Each structure stands twice: as structure tokens, then as C-alpha cells.
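Please look through the model below before reading the comments. The points that follow are meant to be checked against the coordinates.

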Amino acid sequence: MSSVFILGAGFCLDANRLANQSGAVSGAYPLACEMAACFGGRYDLSNGVEEAFLAARNQRDRGPGEQLVDLIQTADYFVGSRVATMKMSPYRDLVNKYPRATFLSFNYDCLLEQLLLLAQLWNPRDGFGAPANALVHPVAVDNIAVAPSSSVHVLHLHGSIYLYPVEYETYTEGGRDPLLFRQRGSPEFRFDPDALGHHFLPFERIPPDIHYMLPYERLILPVPDKSEDLAQRALQLVYTSATNAIRIVGAVIAIGYSFAPYDLSSYRPLLQALEQTDGQRLTVVDPNAHLIAERLHSEFPKLTIEPVRTTFSLWIDVQTQQAETAPSNEEL
């Protein structure tokens, strides 16, 4: 049976630890409170990075968004790529135990996708929860095995640095100039490995054209109110896939996600979908899980919420040990 996970920034912290244990590396996956580096002292951070990102957006300052992309891509390149190749890690234990999982991620990175591609459990053409165009390198494709379809899916509910939607198509009247635009019947997604291209072989970037979006434009930045951004048609397709997955399973495991008040518009559709199931069960894995559970219970009283006050690596270690000691069908 498949499982559904909600992932937050805390999910990536064990990757930082593992990469540093295997040798010092550049960059690290940041928590929200560590994103102050994106502003270079140019904004007031006394009210949190969310207000600072909003101020930058109101001033049409793309600098903080570009700095955020740089932080994440650096971590993906140096930390994520190293962890993805480790034969033993909590992340590998996770996908081994849940080989048909759906991950609903509020992160922008590709830590999981790198691991899943190498494990032949994921293909960008269907692995993001909506069909995506992906260009294959004509030489590398003959030497690298790739799953024909994804058994594990990673849905980025705040956008991904490596995926962007094309909302419009071009056409001409009678085949003559001028070139005109019209909204597509359904958004088209494009996979864009960009600076991490050699970590995603045999896939490579689709050459940019007039529809190309810069990486920072693909993200729902951490601003106080994301409701308008979340209304984008492309993201609604991903949210539909996410809520459908929840309704099928009836239980969700959240790892390293704080369910912060600023994110209410982001996670409300997920927990409302969970409330409509027979299971109605949410497990929260986080060192502050008890506080998160108390707050969520008042907002979503129908849910049975189980707080697990621990880190991701300790939690998956327990899950793996339980699976190893469970009696086999032959012993029952």
C-alpha cells in the first residue's frame, strides 16, 4: 500500500549532517530562520524573513529570491548529490521501506529526486505529480538506466527550482505575423535540471525560449500570505494530485514541517482532504511535534494527530528496526 508524506525544511537537516560526516562540503540546506543571508542586511528582519521577502517583492527586488535559489542549488549540488549516492542513509531507508510513496514537499530542492532517479524509482516525466516534458541526452540515454515511469512521486506544493509551467502557447492568424499568445487548455510543465544537469543524466535542460521562467520565478516565496500565488493553475494541478493521494490512503506522515500559521493557506487543503477520509490520521515527526499537534488539533478537530518528538533519522531508524523484527508470513 502506498503512503503519503508531507515534507518541510527539517527533512533535509540530516542530509547536512551526513554530508559533513563524510567530508566537509560547501553549502547546507537552510531552515526558514537561516534565510536571513538572502537579504544582505538591506531589509528589516525584525518581523521575520516572511515580511522581508514580501517587502522585496513589493519593491520588485529579485535579489533575495535569487539568493534563495543559490542557497538551495548549492546544497543540492554539494550535499544532495553526495547523500543520493550513499549506500546507507536514513533517506535510502525511507524509500526502501516506502517504495510506492507520494511525497508532498514544501521544499524547493531536489534531494529526494536525485536519490530516486539513481534508484530507478522516479522519472521526471510523471514523477512531479503532473505530466512534464523532459529532454534526454542522446548519448547518455544509452548508458544510464531510468525507470519508464515513477513508483515514487515528489509533488512540490511551493514550486521547484527544477520545474516550471508554460501557461501560454503561441500562434499566428493564417500563418502570418504577428506572433500571438493564448492560454493553453492545460499548463505544460518542463523539467529543467539547469546547473545540476550532470546529476540528472540522462536528462538535460530544454533550451530556453520565450516561455522560459527564471528559477526564482518558479517558487512560491516564503511571504506571509501565499493564497494568491497558490491559485495558479499549474499549482492547482499539483494540489489536485496531492489531495487525491491523501483521500486514497487516509493517513499522512509529516516530517520536519512546522505547519506555521503563515502556511495555513498551503496546508489547509491537505488536512481538509484528510478530514474527509475514513482514516483521518496525521503523524507529526518533529522535535517540537507536541506543540505542533496541540495547535493543529484546535484547527482540525476531526483529525487524530500523533506527535512523535524526534528527528527524521531517529524515526526512520525505529521504523526500519520494527520492519526487520516483524514476523514473516511464514512465521504467522
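The notes below start with conventions and then go through helix, core, sheets and single residues.

1. Conventions. This is a predicted model, in which local features need pLDDT of at least 70 and side-chain atom pairs count only at pLDDT 80 or more, while totals for chains, interfaces and linings use all residues. Residues are numbered from 1 along each chain as its sequence is written, and side-chain values use heavy atoms, with hydrogens and water left out. Helices (H or I, at least four residues) and strands (E, at least two) are DSSP runs, numbered from the N terminus.

2. Helix α3. This helix covers residues 63–84, 22 in number, and spans 30 Å between its first and last C-alpha. That is close to the expected 32 Å, where the expected span is 1.5 Å times one less than the number of residues. At Asp76, α3 bends by about 40°; the bend is the angle between axes fitted to the seven residues ending there and the seven starting there.

3. Nonpolar core. The largest such core contains 99 residues. A core here is a set of buried Ala, Val, Leu, Ile, Met, Phe, Trp, Tyr and Cys residues joined through side-chain atoms within 4.5 Å; buried means under 20% relative accessible area, exposed over 50%, and partly exposed in between (1.4 Å probe, protein chains only). Phe5, Phe11, Phe259, Leu282 and Trp315 have the most contacts inside the core. Helix α7 (residues 233–249) supplies the largest share, eight residues.

4. Phe11. Contact means heavy atoms within 4.5 Å. Not counting residues up to four places away in sequence, Phe11 touches Tyr91, Leu94, Asn107, Leu111, Leu112, Ile255, Gly256 and Phe312.

5. Three-stranded sheet. The open sheet has the order β3-β7-β6 and mixed pairing, two strands being paired if DSSP finds at least two bridges between them. β3 (132–133) and β6 (163–173) each have a single partner strand, so each edge strand has one side without a neighbour in the sheet. β6 and β7 (residues 176–191) run antiparallel and are joined by nine bridges. Glu173 has Arg176 of β7 as its bridge partner. Helix α7 packs on this sheet, touching β6 and β7, and its direction makes about 25° with that of β7. For that angle, axes are lines fitted to C-alpha atoms, for helices over the stretch in contact, and angles run from 0 to 180 degrees between N-to-C directions.

6. Strands β9 and β10. β9 (residues 251–255) and β10 run parallel, with five bridges between them; Ile253 stands opposite Thr283 in β10. Four of the five residues of β10 (residues 281–285) are buried. Arg281, in β10, is partly exposed because its relative accessibility is 36%. Outside its neighbours within four places in sequence, Arg281 contacts Gly250, Ala251, Val252, Leu274, Thr304 and Glu306.

7. Thr102. This residue lies in strand β2 (residues 102–105) and is buried, at 13% relative accessibility. Its contacts beyond four places in sequence include Ser3, Val4, Phe5 and Ala245.

8. Backbone items to check. Which bond joins Leu201 and Pro202? The bond between Leu201 and Pro202 is a cis peptide, with omega about 15°, and Pro202 sits in the loop between β7 and β8 (203–204). Arg60, in the loop between α2 (49–58) and α3, has a positive phi near 55° and is exposed at 79% relative accessibility. Gln280 has a positive phi near 50° and lies in the loop between α8 (264–275) and β10; at 22% relative accessibility, Gln280 is partly exposed.
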